[in-house]
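Here are some friendly exercises to help you find your way around a new structure. Try each task by yourself before you read its solution.

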Amino acid sequence: MADLLTHDEYKAIAAQLTPPSMSFINGSLRPASDGGTIAVTNPATGERITEIAACTTEDVDYAVASARAAFESGCWSKMHPSERKGILIKLTQLIEQHGDELAVLESIDSGKPISDCVTIDIPEVVHTISWHAELIDKIYDQTAPVGSGAMAMVVREPVGVVGAVLPWNFPILMLAWKMAPSLAAGCSVVLKPAAQTSLTAIRVAELAAEAGVPAGVFNVVTGSGRVVGEAIGRHMDVDMVTFTGSTVTGRRFLNYSADSNIKEVVLELGGKNPCVVLDDAEDLDTVAEQVVAAAFWNMGENCSAGSRLIVQEGVKEALLAKIVEHAKEWKTGDPLDPSNQLGALVDKGHFDKVTEYFDIAKQDGHRLIMGGESVDGCYVLPTIYDDVKNSDRLATEEIFGPVLSVITVSSYEEAIAVANDTEYGLAASVFTANARKSMRAAQALRAGTVTVNCFGEGDITTPFGGYKQSGFGGRDNSIHAHDQFTQLKTIWVDLGDEA
């Protein structure tokens, strides 16, 4: 785990930063073709950080053309696997060297706590890129059992030009989840960061060029989703799109694909994830600690957040008391203060959306256990509502803030039915001391990741994605993420005497 600096030291780093402001296309920084910009604001203070390029469809065309030219030249796609691996390992070393700079840039841009940026996000970025880099020269292709009269080889080839569109909640980590397997596979990438949180993506593109990634192979195009995102989704020379974000926007990318070149689309979308606590759960203090982390980590701005607590009535009151105790330990405040576990929501628009649910909760008669209020700026305190029905808006809509809804059930069967009664299926947790019951629950829960007696998302070795409206077309992380950026080709060789 990285060592944390002091609050004053992080503020000093922030004061000395020169935030990037331009897109990175074909190996160099570029303004938008029409000179347009978007203001970037620190959500914790309301102060302007910089202005970034508001790129146009012309900029997207140039980035895609650069990516295509680089791909067809073979400068990366046909580079020896060990050499490609070495460049990506060099990139991880540069990210580590610039770790504090990147962590502070991420914190002031997104409102994320610096403690998370330093101890979780930057180390995970390094680990993700290095893991996929190490995979490059360790994956073997196959031959099929076709008999002695022929040879059939099944080989992987890079899919081509990949459009990667990122969310704003984990900007640099989601960048790594997309860029690492796609570059490792030999693809060229046109990446669009969220308009609210573009700064670390631009900086990583600069470091990638310094590490030796050829011009045109990794491009970062900043701007709005309606302009840049749609242009990537509809582009006839983009072979594949990988997107993480809302289910509403994910549907648009499916339409863009259908309306253009039927490009492959991989979607990691929303979630309304259940934490199921059964009445035989042991050590309620530990359970409460996990429930709090599931609900409030990253200010609840997390697609796998455990925002529905489905608890059997026999342990409910004792568990709620312990949850409140642990939630009070999560300090909210200046993201650059490493003593704070919770920072600011990403922007005023999202803050307004989250706090609207406080009024909805009052209208629907939910019982406020704690929180339900905001602090000056874009800060929302950890909030818990009881007496929520699974059909209520607090239980069905992805709030994407630090709001936990408590749903009471009477039996194991009811708990599983309620947990699965959602249009989403990204993640789920179950807490029980009965090993057999835990495995039955893990099998019954309709979610891409199910954790037992803990909150988590797996790690780089395990695929991450969802069922139902939480995902489509593939997974992030693991060898499965690497494979989805490749095409399978069969090469058939006739070995007969007359061939």
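Before we start, a term: helices and strands here are DSSP runs numbered from the N terminus, with at least four residues (H or I) for a helix and at least two (E) for a strand. Please keep in mind that this is a predicted model.

**Exercise 1. The second largest pocket**

Task: Find which element gives the most to the lining of the second largest pocket, and describe the residues of that lining.

Solution:
- Step 1. Begin with the space itself, which has a volume of about 420 Å³.
- Step 2. Look at the lining of this second largest pocket: 18 residues take part, and nearest the centre are Arg84, Arg156, Glu157, Pro158 and Ala185.
- Step 3. Ask which elements give two or more residues to that lining; they are α2 (57-73), α3 (81-97) and β6 (150-158).
- Step 4. With three residues, β6 gives the most.
- Step 5. Sort the lining by character: nine residues are nonpolar, six are charged and three are polar.

**Exercise 2. The sheet that holds β6**

Task: Work out the strand order of the open sheet that contains β6, and name its edge strands.

Solution:
- Step 1. Recall that strands of a sheet pair through backbone hydrogen bonds, either parallel or antiparallel.
- Step 2. Read off the order of this three-stranded open sheet, β5-β6-β22, in which the pairing is antiparallel.
- Step 3. Pick the strands that pair on one side only: β5 (142-144) and β22 (486-494) are the edges.
- Step 4. Check the twist; on average, neighbouring strands of this sheet are turned by 30° against each other, direction ignored.
- Step 5. Zoom in on the antiparallel strands β5 and β6, which three bridges join. Here Ala144 stands opposite Ala152 in β6.

**Exercise 3. Two packed helices**

Task: Is the packing of α4 and α5 roughly parallel, roughly perpendicular or oblique?

Solution:
- Step 1. Take helix α4 (residues 99-110) and helix α5 (residues 114-135): they pack at an angle of about 125°, and their axes are 9 Å apart.
- Step 2. Roughly perpendicular covers 65 to 115 degrees, and roughly antiparallel needs over 145.
- Step 3. The angle therefore makes α4 oblique to α5.
- Step 4. Add the hand: the crossing of α4 and α5 is right-handed.

**Exercise 4. A sheet of seven strands**

Task: Trace the open sheet of seven strands and find a parallel pair in it.

Solution:
- Step 1. The order is β14-β17-β18-β13-β12-β19-β20, with mixed pairing.
- Step 2. The edges, each paired on one side only, are β14 (367-370) and β20 (449-452).
- Step 3. Neighbours in this sheet are turned by 20° against each other on average, direction ignored.
- Step 4. For the parallel pair, choose β13 (residues 308-312) and β18 (residues 403-409), joined by five bridges. Val311 has Thr408 in β18 as its bridge partner.

Definitions and conventions:
Residues are numbered from 1 along each chain as its sequence is written. This is a predicted model: local features need pLDDT of at least 70, side-chain atom pairs count only at pLDDT 80 or more; totals for chains, interfaces and linings use all residues. Side-chain values use heavy atoms; hydrogens and water are left out. On a 1 Å grid over the protein atoms alone, a cavity is a set of points where a 1.4 Å probe fits but cannot get out, and a pocket is an open set with protein on both sides within 12 Å along at least five of seven lines; lining residues have an atom within 4 Å of a point. Grid points are joined across faces, edges and corners, and a volume is the space filled by probe spheres set on the points. Ala, Val, Leu, Ile, Met, Phe, Trp, Tyr, Cys and Pro count as nonpolar, Asp, Glu, Lys and Arg as charged, and the others, Gly among them, as polar. Two strands pair if DSSP finds at least two bridges between them. Axes are lines fitted to C-alpha atoms, for helices over the stretch in contact, and angles run from 0 to 180 degrees between N-to-C directions. Angles under 35 degrees count as roughly parallel, over 145 as roughly antiparallel, 65 to 115 as roughly perpendicular and the rest as oblique. A crossing is left-handed if the near helix is turned anticlockwise from the far one by less than a right angle, and right-handed if clockwise.
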